[in-house]
Amino acid sequence: MLGVERILSLWLVSLLPGTARSFRNASQKTFEIDYNHNCFRKDGQPFRYISGSIHYFRVPRFYWQDRLLKMKMAGLNAIQIYVPWNFHEPQPGQYQFSEEHDVEHFIQLAHELGLLVILRPGPYICAEWEMGGLPAWLLEKENIVLRSSDPDYLAAVDTWLGVILPKMKPLLYQNGGPIITVQVENEYGSYFSCDYDYLRFLQKRFHYHLGNDVVLFTTDGEMEKLMQCGALQGLYATVDFGPGANITKAFLIQRKYEPKGPLINSEFYTGWLDHWGQPHSTVKTEVVASSLQDILARGANVNLYMFIGGTNFGYWNGANMPYQPQPTSYDYDAPLSEAGDLTEKYFAVRDVIRKFEKVPEGPIPPSTPKFAYGKVALKKLKTVEEALNILCPAGPVKSLYPLTFIQVKQYFGFVLYRTTLPEDCSEPTPLSSPRRGVHDRAYVSVDGVPQGVLDRNYVTTLNITGKAGATLDLLVENMGRVNYGYYINDYKGLISNLTLNSSILTDWMIFPLDIENAVYHLGAWHGNNRSYRSKACAHSSNYTLPAFYVGNFSIPSGIPDLPQDTFIQFPGWTKGQVWINGFNLGRYWPARGPQVTLFVPRHILVTSAPNTIAVLELERAPCSADPPEPCTVEFVDKPVISAAVTYSHLLQHQPNPDS
């Protein structure tokens, strides 16, 4: 049987000839707005784009071509992409543009397939992405006003634009590339600052780096109050709305700001985002198809957000307020699933598009095969406390009062805060965060005995017990920075003092944990096998100490087409982080839902050696050391991202995908 890669290559050959000529004819290429005929003109001819959003940073590079080809075969003639600043500049002045970060290669792949590109380089992108794409290191300037003409912010933005936009200029349509339009900022009208000087600054810098011929645009919700602060003369104003909106009214709002020119819905929502502890969001296929047909029948341009959602690998998920972090899956109920699979919605959208535009002929690349590798036993390796010398080899930072993640230059993951109990707590004594200063979740222990969890929203006081002088540890997790609204300057860690029996705790040792490096070098963990049975294995009925568990599984090398994609689930586990062969898959939290399985793309698996699974369980593992019980994870061939949830305090705040 022909492999998927072989099929893809045959499709590519059939699509390439027209693209090869495009660079040679760059001098003849134009893309502009025709205000007299209310349309775009591409090389002088009327043009309407039907686009879909794909986030290259949420799809493994291994699968970029597969997903793009499926979008092409659905009848799209363009894709829309964000560029997350923090993904490319994780540390000030340290840029990443290779391998999974190679945005130029991604755009070239789209070009080779004959897909145009709508570029949204921010600097803020929202996108349910950590801090809306802004780098956390911006917060080192404590009084910085993000997304404004604050001098510190503008200086950082100017440097970043001077890096990213020159990379994009050769890829503009008029220069022989696929980029037809470029968005400035993102839904700025939804932000409090309403700073026109900031938008003017961006407009000038975009033109400086990209030239005066580029079509620049803005996007805002279809409400006049949102357009007021989001639109700016010289930037073409577009709107976004979902399938439940009044389409006539929405485009009338755009017409108020752009009396002439093409109608554009820059974000037509095919689904909606999820939060931990809330039901998985879905939008009915027939509703999406009906609204899409209505939009296209008006001659409007449209971008389907999302066409494929993908995955928040690692720590990249964002959060909304009141604080609600998003899960690892960004499936979005989109036409292509998180794993790139064809859905009923995909074919319904394709059927609508073919009523208005010619859809490519030929077979559609199939959904990738999935394989259930079965159960894998894991053994407890070390608690976080036992592994501190590995996780924080430089030792702790000492401070009278707690320091934030930013203050110890830890932008993601975990920091352990340690002090001693100043008084005897033989009776349950309240440990409190009076100003909701735990951002976002703290796993508390005293002398190696788990006490419980403090969190940002609801559990701000926890009764603990222990003797005077006992070690108090709080392992604090950054669960994702707020990506939308007023509170995007989201500091993590202990951002205010803790009290014990109303007295402020002082004299802290603060351990920034380099878990990524430690997990990547698991072999070095076995040199220190001291016994911690008396303390580390003690646990309450509800919690075990945060600890690492490891296991291996082999994939036979003699079976054709293995490895294949799979999904990992955590029966009996509670909440934590998982790595396979050093790759950070993301967060699991089956105890809360709705996501139960995590997507495992085949490219991180190997057949040449055993595959190593490392799990950091934060609350309660399904096994114990005394008596020994096995912990297992299981690889299955079907995803579960819509399980019943066990927690819905914030259900009333769920955004409405039809609004």
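**Ser51**

I started at Ser51 in this predicted model, and its side chain reaches the backbone nitrogen of Gln80 at 3.4 Å. Ser51 sits in strand β4, residues 50-53. I checked burial next: the relative accessible area of Ser51 is 0%, so I put it down as buried. Then I listed what Ser51 touches, leaving out residues up to four places away in sequence. Gln80 turns up again there, along with Leu76, Ala78 and Ile79. The rest of my list for Ser51 reads Ile118, Val302, Asn303 and Leu304.

**The annotated domain**

I looked up the UniProt record, an unreviewed entry, and it annotates residues 40-355 as "domain: Glycoside hydrolase 35 catalytic". For that stretch I get 31% helix and 16% strand. The C-alpha atoms at the two ends of residues 40-355 are 20 Å apart.

**Helix α6**

I went on to α6, residues 151-168. Does its length agree with its residue count? What should 18 residues span at 1.5 Å a residue? I expected 26 Å, and the end C-alpha atoms are 25 Å apart, so the two agree. α6 still has a bend in it, about 25 degrees at Leu161.

I looked at the start of the helix too. A side-chain oxygen of Asp150 comes to within 2.9 Å of the backbone nitrogen of Asp152 there.

Which residues of α6 are buried? I noted Tyr153, Leu154, Ala156, Val157, Trp160, Leu161, Ile164, Leu165 and Met168. Leu161, where the helix bends, is therefore on the buried list as well. The spacing made me recall that an α-helix has 3.6 residues a turn, so residues three or four places apart point the same way. I then asked what covers these buried residues. The cover includes the helices α4 (85-88), α5 (103-112) and α7 (196-210). Strands β6 (116-120) and β7 (179-183) are also part of the cover.

**Disulfides**

How many disulfides does a search of the whole structure find? I got two. One of them joins Cys194 to Cys229, with S to S at 2.0 Å. Cys194 lies in the loop between β7 and α7, while Cys229 belongs to helix α8 (residues 224-230), so the bond ties together parts 35 residues apart in sequence. The torsion about the S-S bond of Cys194 and Cys229 is about -85 degrees, so I wrote this disulfide down as left-handed. Cys194 has 24% relative accessibility and counts as partly exposed. Cys229, at 15%, counts as buried.

I turned to Cys623 and Cys631, which form a disulfide with their sulfur atoms 1.6 Å apart. The link of Cys623 and Cys631 is left-handed, with -70 degrees about the S-S bond. Cys623 is buried at a relative accessible area of 11%, and Cys631 is buried at 0%.

When I number the bonded cysteines in sequence order, the pairing comes out as 1-2, 3-4. Cys126 is in no disulfide, and the nearest cysteine sulfur, that of Cys229, is 17 Å away. I checked the burial of Cys126 and got 7% relative accessibility, so Cys126 counts as buried. My last lookup was Cys392, which also has 7% relative accessibility and counts as buried.

Conventions: Residues numbered from 1 in each chain as written. Predicted model: local features only at pLDDT ≥ 70, side-chain atom pairs only at ≥ 80, totals over all residues. Heavy atoms only, no water. Helix = DSSP H or I, 4+ residues; strand = E, 2+ residues; numbered from the N terminus. Expected span 1.5 Å × (residues − 1). Bend = angle between axes of the 7 residues up to and from the residue. Buried < 20%, exposed > 50% of the residue type's maximum accessible area, 1.4 Å probe, protein only. Contact = heavy atoms within 4.5 Å. Polar contact = N/O pair within 3.5 Å; in protein donor to acceptor, adjacent residues only side chain to side chain. UniProt positions renumbered as here; feature names shortened; annotations may be inferred. Disulfide = S-S within 2.5 Å.
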